[in-house]
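Student: I have a new model open and would like to practise reading it. Could we go through some features together?

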Amino acid sequence: INMVELYTTVSDRKGRPVEGLHKEAFVVREEGEPHTIQRFEHVQDLTIHAGVVVDASTSMREELEEAVDSAVGFFERVIRPRDRAAAVIFNDAPMLSVPFTNEIDVLRAGLEGVESEGETALYDTLVYTLHYFSGIRGKRALILLSDGEDSRSRFSFAEALEFAQRSGVAIYTIALGLDRRHIDSRNVLTRLANETGGRFFSISSARELDAIYDAIEQELRSQYLLVYQSSHVEGGDFRRVEVEVAGLKTRTIPGYYP
């Protein structure tokens, strides 16, 4: 039985999460066909596994110290006793700085002394980190702080994106210091977020990160879990999914690989 889980954010016109909705308010479609919601839950207290991935390449030199400080702030504000968080630092290659833990002191210590050096293996790092999430159930989120450029990876963007779509991990991308002239980098970070049910943010300074982390936490704590049984046979290509709530904006994965 192919049960599909959709963690869904519902927001009003001002982008604020909407809570208190019932199952009857939602319509789920796969490849355009309506499907019956068999399980419905407002997941305010679901355990969260969050991975914070920080770009420590030379292109991030001016922002790195503030980015690391803000990542520690994210752990301090968001991670509750039942949650788990991990930290990954990357430049030429990814490094698991802190494995999943709920001990804030351990997370803080794992990010101390990070220096900016080397090139940017963004796509390799995504595959590495998403593989680390393998086998973990429930709500999973990857928070990526980067300028979106890749100068080192063996994996291509297309390969990393497909791996992300197959993983079921929501990716929240934060572009640091990218103006609108960096179209390709912005597109990379935007697609990674949109294709995994996450969200893209663009900021000019790491000083703005605290507000971004607050928005991410609010979203993770106020989602709806919709579960339905797909009617398609095993195998096949990417399956497109839509979730609708009349008069409101919804965000979830745009599809999945069976």
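Student: Which residue is the bridge partner of arginine 29 in strand 3?

Tutor: Happy to help, and keep in mind that this is a predicted model. The partner of arginine 29 is proline 34. That bridge belongs to the antiparallel pairing of strand 2 (residues 26-30) with strand 3, which spans 3 bridges.

Student: Where do these strands sit in the sheet, and what is the strand order?

Tutor: To read an open sheet, follow its order from one edge to the other. Here 4 strands run 3-2-12-14, with antiparallel pairing. Strand 3 (33-35) and strand 14 (255-256) are the edges; each has a single partner strand, so one side of each lacks a neighbour in the sheet.

Student: Which residues have the most contacts inside the largest nonpolar core?

Tutor: A core is read as a set of buried nonpolar residues joined through their side chains. The largest one has 36 residues, and Phe75, Ile143, Leu145, Ile174, Leu209, Tyr213 and Ile216 have the most contacts inside it. Helix 1 supplies the largest share, 8 residues. Leucine 145 itself touches, among others, Met60, Ala67, Ile174, Leu209 and Tyr213. A second, separate core has 25 residues, including Phe90 and Val169.

Student: What is the nearest side chain of opposite charge to arginine 140, and how far away is it?

Tutor: For a buried charge, check for a salt bridge, then for other polar partners. Arginine 140, in strand 8 (residues 139-146), is buried without a salt bridge: glutamate 5 is the nearest opposite charge, 7.1 Å away. A polar atom of the arginine 140 side chain does lie 3.5 Å from the backbone oxygen of glycine 168. Arginine 140 also touches residues including His49, Phe133 and Val169.

Notes: Residues are numbered from 1 along each chain as its sequence is written. This is a predicted model: local features need pLDDT of at least 70, side-chain atom pairs count only at pLDDT 80 or more; totals for chains, interfaces and linings use all residues. Side-chain values use heavy atoms; hydrogens and water are left out. Helices (H or I, at least four residues) and strands (E, at least two) are DSSP runs, numbered from the N terminus. Buried means under 20% relative accessible area, exposed over 50%, partly exposed in between (1.4 Å probe, protein chains only). Lys and Arg count as positive and Asp and Glu as negative; His and the chain ends are not counted. A salt bridge is a side-chain nitrogen of Lys or Arg within 4 Å of a carboxyl oxygen of Asp or Glu. A polar contact is a pair of N or O atoms within 3.5 Å; within protein, one must be able to donate a hydrogen and the other to accept it, and residues adjacent in sequence count only if both atoms are side-chain atoms. Contact means heavy atoms within 4.5 Å. Two strands pair if DSSP finds at least two bridges between them. A nonpolar core is a set of buried Ala, Val, Leu, Ile, Met, Phe, Trp, Tyr and Cys residues joined through side-chain atoms within 4.5 Å. Lists of a residue's contacts leave out its neighbours within four places in sequence.
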